[in-house]
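This briefing is a guided reading of one protein model for a first-year student. Please keep the sequence and the 3D view open, and look for each residue as it is named.

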Amino acid sequence: KLIPPSMLALVDYLIPNQEELETLCPEQSDEASRARFLLSAGVGCVVVTLGSRGCLVCTRESAVEIPAMDVVAVDTTGAGDAFIAAFATYRAEGFSIEASARIANCAAGFSTTRQGASSALIDRTSLEAHLRNTAPELLAR
């Protein structure tokens, strides 16, 4: 086992990509069953980043697949970091898990439209301007 079960119970949010999730749970056949396995081991919430497919948000109560933003990807190097940074920021500010994941999907999508990792990150002002025009409900708490 890569992560002892006693450690999993201490994890509030686990945000692996597909490959990382498969490494953690090789016995399960798909993302949803892998996420359910981790939830049953004590993880509070599993958010699986799915690249161009978006993400899968799993809690003990629900599983929601959130589609990715429609962009022309140039470089995906920092997309996971952009996702996690936005998710953590908005979640810490009191946004729901699903809203935080939807916002994070946008941040990750924007990061793929430019070369590089940190240089491709969208700033908060630009991200929220985009959201106010396309999905203003996400910014309401």
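Counting a disulfide wherever two cysteine sulfur atoms lie within 2.5 Å, one arrives at zero disulfides here. The model is a predicted one, and the points below begin with its cysteines before turning to the sheet and the helices.

**Cysteines**

- A disulfide is a covalent bond between the sulfur atoms of two cysteines.
- For Cys-55, the closest cysteine sulfur belongs to Cys-58 and lies 9.5 Å away, which is too far for a bond.
- Cys-106 is likewise in no disulfide, since the nearest cysteine sulfur, that of Cys-55, is 10 Å away.
- Cys-55 counts as buried because its relative accessibility is 0%, and Cys-106, with a relative accessible area of 12%, is buried too.

**The sheet**

- Strands of a sheet pair through backbone hydrogen bonds, either parallel or antiparallel.
- In this model four strands form an open sheet in the order S1-S2-S3-S4, and their pairing is mixed.
- Strand S1 (13-14) and strand S4 (63-66) are the edge strands, each of them pairing on one side only.
- Strand S2 (residues 45-49) and strand S3 (residues 55-58) run antiparallel to each other and are paired over four bridges, among them the one between Val-47 and Val-57 and the one between Thr-49 and Cys-55.
- The hairpin of S2 and S3 has five residues between the strands, and Gly-51 in this hairpin takes a positive phi near 60°.
- S3 and S4 are also antiparallel and are joined by four bridges, and the hairpin that connects them passes through four residues.
- Val-57 therefore deserves a second look, because the pairing of strands is defined by bridges: its partner in S4 is Val-64, while Val-47 is its partner in S2.

**The two faces of S3**

- In a regular strand the side chains alternate between the two faces of the sheet.
- Which residues of S3 are buried on each side? Cys-55 and Val-57 are buried on one side, Leu-56 and Cys-58 are buried on the other, and both faces of the strand are thus covered.

**The helices across the sheet**

- Helix H4 (residues 79-92) lies across S1, S2 and S3 and runs at about 145° to S2, whereas helix H5 (residues 97-111) lies across S1, S2, S3 and S4 and runs at about 20° to S4.
- H4 has 14 residues and reaches 20 Å from its first C-alpha to its last, close to the 20 Å expected at 1.5 Å a residue.
- An α-helix has 3.6 residues a turn, so residues three or four places apart point the same way.
- The buried residues of H4 are Ala-79, Ala-82, Phe-83, Ala-86, Phe-87 and Tyr-90, and because they fall within an arc of 125° when seen down the helix axis, they line one face of H4.
- These buried residues pack against S1, S2, S3, H5 and helix H6 (124-134), while Asp-81 and Ala-92, on the other side of H4, are exposed.
- After H4 comes Gly-94, which has a positive phi near 100°.

Notes. Residues numbered from 1 in each chain as written. Predicted model: local features only at pLDDT ≥ 70, side-chain atom pairs only at ≥ 80, totals over all residues. Heavy atoms only, no water. Pairing = 2+ DSSP bridges. Contact = heavy atoms within 4.5 Å. Axes fitted to C-alpha atoms, helices over the stretch in contact; angles between N-to-C directions. Expected span 1.5 Å × (residues − 1). Buried < 20%, exposed > 50% of the residue type's maximum accessible area, 1.4 Å probe, protein only. Arc of directions from axis to C-beta.
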